[in-house]
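Biologist: I should like to learn how to read the features of a protein model. May we go through one together?

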Amino acid sequence: MALECYADAADYQALYGDDLTGAALDNALWQASRDADRLALGRIEAAGGLAGLNDRCAELVTQAVCRQAHWASGDGAAWRQGLKRYNIDGIQMEFDGSGRADGGICAEMRELLALTGLCCREVGL
């Protein structure tokens, strides 16, 4: 069984227009769907994808995936490559050299997925 993509081009274009299209959009949405599963500890996939979630959770996951795809295709690309630090005035960027994709998740995705309860309950915050 192939892994499901939790958003499609129409979902993305409703939020961002034609900022990203074609294969680049498909790849960004697929990767963002994997990021969502990673943050939700595999609970989305285990539920049977979007069809296994209630309507509210499915909508939040779709929104989160679109926002992550948009972020990752722009500013997020540098963070995915191991950006360790940057300096605005001197336009300097330092990469950690590990080549790993630590983090690489936009704040909007974290916030939307937290609302689903699939990641954590954020008890005590």
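**Reading salt bridges, helix packing and burial**

Modeller: Let us begin within one helix: Asp35 and Arg38 both belong to helix α2, where three residues, or about one turn of the helix, separate them. Please keep in mind that this is a predicted model.

Biologist: Which interaction does Asp35 form with Arg38?

Modeller: A salt bridge is recognised when a side-chain nitrogen of Lys or Arg comes within 4 Å of a carboxyl oxygen of Asp or Glu. Asp35 and Arg38 form such a bridge, and their closest N and O atoms are 3.5 Å apart.

Biologist: Is Asp35 buried or exposed?

Modeller: Burial is judged by relative accessible area, and a residue under 20% is called buried. Asp35 has a relative accessibility of 2%, so it counts as buried. Its partner Arg38, by contrast, is partly exposed, with a relative accessible area of 42%.

Biologist: How many salt bridges does the structure hold?

Modeller: The structure holds three. Another of them joins Asp37 to Arg34, with 3.2 Å between the closest N and O atoms. Asp37 and Arg34 are about one helical turn from each other, because they stand three residues apart in helix α2, which covers residues 22–39. Asp37 is buried at a relative accessible area of 7%, and Arg34 is also buried, at 13%.

Biologist: With which residue does Glu108 form a salt bridge?

Modeller: Glu108 forms a salt bridge with Arg67, the closest N and O atoms lying 3.8 Å apart. This pair links distant parts of the chain, since Glu108 is in helix α6 and Arg67 is in helix α4 (residues 55–73), 41 residues apart.

Biologist: What else should I read at Glu108, and how accessible is it?

Modeller: One considers the element, the accessibility and the neighbours in turn. Glu108 is located in helix α6, which spans residues 107–116. Its relative accessible area is 37%, so Glu108 is partly exposed. Leaving aside residues up to four places away in sequence, Glu108 touches Tyr16 and Arg67. A backbone distance adds to the picture: the C-alpha atoms of Glu108 and Ala64 are 6.7 Å apart, although their positions lie 44 residues apart along the chain.

Biologist: How does one read the packing of two helices, and at what angle do α1 and α4 pack?

Modeller: One reads the angle between the axes, their separation, the handedness of the crossing and the residues in contact. Helix α1 (residues 9–16) packs against α4 at an angle of about 70°, and the axes are 10 Å apart. This angle makes α1 roughly perpendicular to α4. The crossing of α1 past α4 is right-handed. On the α1 side, Asp11, Tyr12, Leu15 and Tyr16 make the contact, and on the α4 side, Thr62, Gln63, Cys66, Arg67, Ala69 and His70 do so.

Biologist: How do the axes of α2 and α4 cross?

Modeller: The axes of α2 and α4 cross at roughly 120° and come within 8 Å. The angle makes α2 oblique to α4. Here, too, one finds a right-handed crossing of α2 past α4. Ala28, Leu29, Ala32, Ser33, Asp35 and Ala36 of α2 meet Val65, Cys66, Gln68 and Ala69 of α4.

Biologist: Which residues does Ser33 touch?

Modeller: A residue's contacts are best read together with its burial. Ser33, located in helix α2, is buried, with a relative accessible area of 0%. Apart from residues up to four places away in sequence, Ser33 touches Glu4, Cys5, Tyr6, Ala7 and Val65.

Biologist: What is notable in the backbone of Leu41?

Modeller: The phi angle is the value to inspect. Leu41 has a positive phi of about 55°, although it is not a glycine. Leu41 occurs in the loop between α2 and α3 (43–46). Its relative accessibility of 61% means that Leu41 counts as exposed.

Biologist: How many helices and strands are there in the protein as a whole?

Modeller: There are six helices and two strands, running α-α-α-α-α-β-β-α from the N terminus on. Of the 125 residues, 37% are buried. Among contacts between residues at least 6 apart in sequence, 66% join residues at least 24 apart. The accessible surface comes to about 7500 Å², and carbon and sulfur atoms account for 51% of it.

Methods:
Residues numbered from 1 in each chain as written. Predicted model: local features only at pLDDT ≥ 70, side-chain atom pairs only at ≥ 80, totals over all residues. Heavy atoms only, no water. Helix = DSSP H or I, 4+ residues; strand = E, 2+ residues; numbered from the N terminus. Contact = heavy atoms within 4.5 Å. Buried < 20%, exposed > 50% of the residue type's maximum accessible area, 1.4 Å probe, protein only. Areas by Shrake-Rupley, 256 points an atom, 1.4 Å probe, with all protein chains shown as cover. Axes fitted to C-alpha atoms, helices over the stretch in contact; angles between N-to-C directions. Parallel < 35°, antiparallel > 145°, perpendicular 65-115°, else oblique. Left-handed = near helix turned anticlockwise from the far one by under 90°.
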